[in-house]
Amino acid sequence: MSGERATEEAYSARLAEYRRQIDELDRQLVALLNERARLAQAIGRLKADGEDRVYHPEREAQVLRNVLAANRGPLPDQALLAIYSEILSASRALQQPLRVAYLGPVATFTHEAAKRRFGSSAEFIPCRTIADVFLATQRGEADYGVVPVENSTEGAVAHTLDMFLDTDLQICAEILLPISHNLLGRGRLDQIRRVYSNPQALAQCRRWLQENLPQAELIEVASTARAAQLVTDEESAAIANAAAAEVYGLPIIAARIEDSATNLTRFLVIGPRRSPPSGHDRSAVIFAVRDRVGALHDALGVFARHGINLTRIESRPSKRRPWEYVFFVDLEGHPEDAHVQAALRELEEQCTMVKVLGAWPVEPSPVGR
């Protein structure tokens with residue numbers, strides 16, 4: 001018994017010492033975080049004398065790169081990115097709270113992406129449609145907007161691309177969000193007759209739905225969260241995320257029903273101006289070619305001649321004349337880079353329209369530890 005008691009006492013002593021060290025580190029962390037906050041406030045006072053921007057994607061990307069470069073574990077990179085998202089959010093709020101519009105209602109994937117980028121200290125403004133996000137941002141009702149633009153399995157979100165044709169708003173950042181879908185409902189799987197969701201979500205779960213609910217009616221609605229709101233009986237269900245299940249009080253009937261295990265959606269942050277160069281940037285451009293043989297080939301050749309890598313290309317109807325198309329491209333580089341400037345000047349000589357849609361820093365990627 002005495003040996004057991006001695007072992008317990010040694011264990012308790014070690015545990016108490018570890019906890020004492022943690023408490024001391026917590027005090028130091030709080031002091032350092034407040035010192036960082038005071039510096040953020042000082043920067044805010046400097047900005048009040050001239051610059052009106054609180055959100056600097058290029059600077060925040062550099063901060064996150066510095067954090068990941070300094071990480072030696074055991075904390076994984078993804079955990080540090082989540083922690084610093086809230087630190088940056090709180091620092092922005094000390095300067096000026098940001099209003100961020102998103103495709104609502106609460107608990108959509110766009111809402112999740114907006115919170116991941118801007119943190120809990122921002123004010124989030126739900127909008128009924130993608131067009132409303134653009135409108136709220138353009139009117140100044142929101143400082144920034146967040147909209148989906150591309151899914152890794154289903155491709156482009158056409159409505160978002162179309163909105164860029166008629167707006168002066170600029171892309172200033174992007175958010176990559178892993179997407180996991182769940183079937184939410186109040187009944188059993190064999191009771192379901194109707195499934196509500198966003199068209200993209202329905203498409204991303206097509207195979208699962210065919211195998212498990214082949215007789216169910218698939219009903220498209222504006223968002224996954226709106227789908228959750230429509231589940232009112234045991235015969236209806238929604239495809240949405242886990243946050244929607246919690247917010248709207250719906251049990252998860254089946255989890256992770258997406259057809260692809262590597263399902264990602266890319267979201268864009270839109271605002272009044274593009275981000276300045278960070279040294280590791282991407283840009284978006286839209287152009288329309290003349291109606292002649294080889295026009296698109298020649299336009300794309302401009303980028304090749306200037307050593308510019310295109311990371312995406314999409315075509316959309318111009319909506320000016322039947323069968324006339326415009327082309328959206330994402331490219332590596334910034335419009336202020338000399339070789340990109342030269343390429344855009346040459347492109348303007350060949351095309352009927354060229355418009356820069358924005359530029360943003362490439363986000364650092366966590367490698368995990």
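A crossing of two helices is left-handed if the near helix is turned anticlockwise from the far one by less than a right angle, and right-handed if it is turned clockwise. Keep that in mind. We will use it twice.

First, the ground rules. This is a predicted model, so local features need pLDDT of at least 70 and side-chain atom pairs count only at pLDDT 80 or more, while totals for chains, interfaces and linings use all residues. Residues are numbered from 1 along each chain as its sequence is written, and side-chain values use heavy atoms, with hydrogens and water left out.

Now the whole chain. Its secondary structure comes to twelve helices and 15 strands. Those are DSSP runs, numbered from the N terminus: helices are H or I with at least four residues, strands are E with at least two. The C-alpha trace spans about 95 × 60 × 35 Å along its principal axes. Of the 369 residues, 45% are buried. Buried means under 20% relative accessible area, exposed means over 50%, and partly exposed lies in between, with a 1.4 Å probe and protein chains only. The chain exposes about 19000 Å², and carbon and sulfur atoms supply 53% of that. Those areas come from the Shrake-Rupley method with a 1.4 Å probe; for residues, only the protein chains shown count as cover.

Next, contacts. A contact means heavy atoms within 4.5 Å. Take the contacts between residues at least 6 apart in sequence: 77% of them join residues at least 24 apart.

On to helix pairs. Start with α2, residues 57-70, and α3, residues 77-95. At what angle do α2 and α3 pack? About 140°, with their axes 10 Å apart. That makes α2 oblique to α3. Here are the cut-offs: angles under 35 degrees are roughly parallel, over 145 roughly antiparallel, 65 to 115 roughly perpendicular, and the rest oblique. The axes are lines fitted to C-alpha atoms, for helices over the stretch in contact, and angles run from 0 to 180 degrees between N-to-C directions. Now our opening definition pays off: α2 passes α3 in a right-handed crossing.

Who meets whom? From α2 come E60, V63, L64, V67 and L68. From α3 come D77, L80, L81, Y84, L88 and R92. By class, this contact of α2 with α3 has eight nonpolar residues, no polar ones and three charged ones. Nonpolar covers Ala, Val, Leu, Ile, Met, Phe, Trp, Tyr, Cys and Pro; charged covers Asp, Glu, Lys and Arg; the others, Gly among them, count as polar.

Stay with α3. Its next partner is α4, residues 109-118. The α3 and α4 axes are 7 Å apart, at an angle of about 75°. The two helices are therefore roughly perpendicular to each other. S85, S89 and R92 of α3 meet K115, R116, R117 and F118 of α4. That contact of α3 with α4 divides into one nonpolar, two polar and four charged residues.

Did you catch the name R92? R92 sits in α3, and we met it in the contact with α2 and in the contact with α4. Is R92 buried or exposed? Buried, with a relative accessible area of 5%. Leaving out residues up to four places away in sequence, R92 touches V54, Y55, E60, P97, L98, R117 and F118.

Third pair: α11, residues 295-305, and α12, residues 338-350. Their axes come within 9 Å and cross at roughly 165°. So α11 and α12 are roughly antiparallel to each other. Here too, α11 passes α12 in a right-handed crossing. D298, A299, V302, F303 and R305 of α11 make the contact with A343, E346, L347 and Q350 of α12. By class, the contact of α11 with α12 holds five nonpolar, one polar and three charged residues.

Last topic: the backbone in the loops. P74 is in the loop between α2 and α3, and a cis peptide bond joins G73 and P74, with omega about 10°. P105 is in the loop between β1, residues 99-103, and α4. The peptide bond from G104 to P105 is also cis, with omega near 5°.

A107 is in that loop between β1 and α4 too. A107 is not a glycine, yet its phi is positive, about 85°. At 4% relative accessibility, A107 counts as buried.

Finally, R256. Where is R256? In the loop between β10, residues 252-254, and β11, residues 264-271. R256 has a positive phi near 50°, again in a residue other than glycine. At 52% relative accessibility, R256 counts as exposed.
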